[in-house]
Amino acid sequence: MTVTTDPSLTTDPSVTTDQSVGAAVRRSAELERQLALDPGRFRVLTGDRPTGALHLGHYFGTLQNRVRLQDLGVEVFVLIADYQVLTDRDVAERLTEHVEGLLLDYLAIGVDPARSTVFNHSAVPALNQLLLPFLSLVSVAELGRNPTVKDEIAHSRQSAVSGLMYTYPVHQAADILFCKGDVVPVGQDQLPHLEITRTIARRFNERYGAVFPEPDALLSAAPLLLGTDATKMSKSRGNSIALGADADDTARLIRRATTDADRYITYDPELRPGVSSLVLLAALCLDRDPYEVAEEIGAAGAAGLKRTVTEAVNARMAPIRARRAEYAQDMGYVREVLRAGNERANAVAEATLDEVREAMGTVR
């Protein structure tokens with residue numbers, strides 16, 4: 001069912017203003033209220049690119065929320081965006097291994113294949129076929145101004161920027177709209193991407209007739225976790241703790257984490273980012289307030305902080321790691337989860353593509 005959209009969210013898709021962010025925050029709060037009242041009305045699209053192991057930042061930032069929405073009764077589609085790996089690198093390295101790693105992580109954290117559809121790009125041709133008509137609805141200038149595209153280009157590992165890079169936000173629109181997703185969990189930095197999706201849906205409906213919802217952002221309230229070097233947590237920087245890491249690896253990574261010269265532990269994200277991120281990680285694992293955690297550690301210093309974090313992470317992750325190891329013993333089942341999810345996604349995508357063809361007058 002399509003969510004009633006807020007006209008104040010209709011902005012230039014290349015710009016995220018304070019006004020548009022404020023409107024998104026208000027709309028997100030209203031969405032949470034509606035989700036609690038009638039979760040079955042909604043369809044969520046979310047996912048990851050298979051470029052490496054998922055880590056604790058993913059877990060507290062997005063993965064927990066997917067399971068929460070699934071458990072509420074929302075219909076959840078989880079995309080493994082294997083085609084999008086090609087947008088910022090020349091070769092999709094170890095792709096099968098990474099896809100299967102994502103599947104193991106999803107199952108371990110509680111994604112239920114009976115209630116959520118897990119699928120991958122390359123297995124759903126009808127989804128990708130939507131890219132062509134969608135590209136006709138946006139200008140090159142609009143794509144070039146998109147701040148997320150600019151950032152991807154700036155950090156690209158390619159010797160030259162491929163044309164595929166510019167299609168990234170339109171491909172993401174196809175990901176969301178193929179299943180008529182009307183709620184998309186995102187951070188504020190991803191609002192320009194979602195605005196392009198809303199623009200494409202609106203322009204298609206105006207040109208060809210009402211087919212697509214204009215999806216709304218469900219903004220994440222998750223606090224930012226830094227990597228162990230006190231910079232942005234990233235798969236590629238080697239500064240994260242993977243969900244699949246064992247207790248010894250976790251302890252080793254936390255021992256190497258950046259702190260500062262002040263022995264007394266306090267929680268001050270602005271002035272003490274490295275220390276505060278470790279405190280926050282412990283607090284998230286313990287379901288406690290970070291200020292209280294910091295106060296308890298206090299004079300125990302960096303050694304006490306790292307000991308607390310290690311114990312908290314290993315205790316919180318132990319059941320997830322145990323489930324992951326169990327699923328890894330039956331990769332036939334894991335692959336069957338993806339096969340069944342792809343079958344379901346294909347049926348949905350084909351039905352949507354048939355509607356698009358009929359609306360455009362290109363029925364076979």
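This section describes the overall make-up, the strand pairing, one helix packing and two backbone features of a predicted model.

The protein contains 14 helices and five strands. Of its 364 residues, 52% are buried. When contacts between residues at least 6 apart in sequence are considered, 77% of them join residues at least 24 apart.

Strand 2, which spans residues 75-80, takes part in two pairings. With strand 1 (residues 43-48) it pairs in the parallel sense over six bridges, and within this pairing R43 has E75 of strand 2 as its bridge partner. With strand 3 (residues 116-120), strand 2 again pairs in the parallel sense, here over five bridges, and I80 is matched by N120 of strand 3 as its bridge partner. The connection between strand 1 and strand 2 involves helix 2 (residues 56-72), and these three elements make a right-handed β-α-β unit. Because five of the six residues of strand 2 are buried, this strand is largely enclosed by the rest of the structure.

A packing of two helices was also examined. Two packed helices are described by the angle between their axes and the distance between the axes. For helix 11 (residues 273-286) and helix 13 (residues 301-328), the angle is about 35° and the axes lie 8 Å apart, while the crossing of helix 11 and helix 13 is left-handed. On the side of helix 11, the contact is made by V275, L278, V279, L281, A282, L284, C285 and L286, which meet L305, T308, V309, A312, V313 and R316 of helix 13. Classified by residue type, the contact of helix 11 with helix 13 comprises 12 nonpolar residues, one polar residue and one charged residue.

Two residues in loops were noted for their backbone torsions. Most residues other than glycine have a negative phi. K180, however, has a phi near 55°, a positive value in a residue other than glycine, and K180 is found in the loop between helix 8 (163-177) and strand 4 (183-186). A positive phi, near 70°, is likewise present at A230, also a residue other than glycine, and A230 is found in the loop between strand 5 (216-219) and helix 10 (247-255). With regard to solvent accessibility, K180 has a relative accessibility of 24% and therefore counts as partly exposed; for A230 the relative accessibility is 24%, so that A230 counts as partly exposed.

Note on methods: Residues numbered from 1 in each chain as written. Predicted model: local features only at pLDDT ≥ 70, side-chain atom pairs only at ≥ 80, totals over all residues. Heavy atoms only, no water. Axes fitted to C-alpha atoms, helices over the stretch in contact; angles between N-to-C directions. Helix = DSSP H or I, 4+ residues; strand = E, 2+ residues; numbered from the N terminus. Left-handed = near helix turned anticlockwise from the far one by under 90°. Contact = heavy atoms within 4.5 Å. Nonpolar A, V, L, I, M, F, W, Y, C, P; charged D, E, K, R; others polar. Buried < 20%, exposed > 50% of the residue type's maximum accessible area, 1.4 Å probe, protein only. Pairing = 2+ DSSP bridges. Right-handed = clockwise from strand over helix to strand, strands pointing away.
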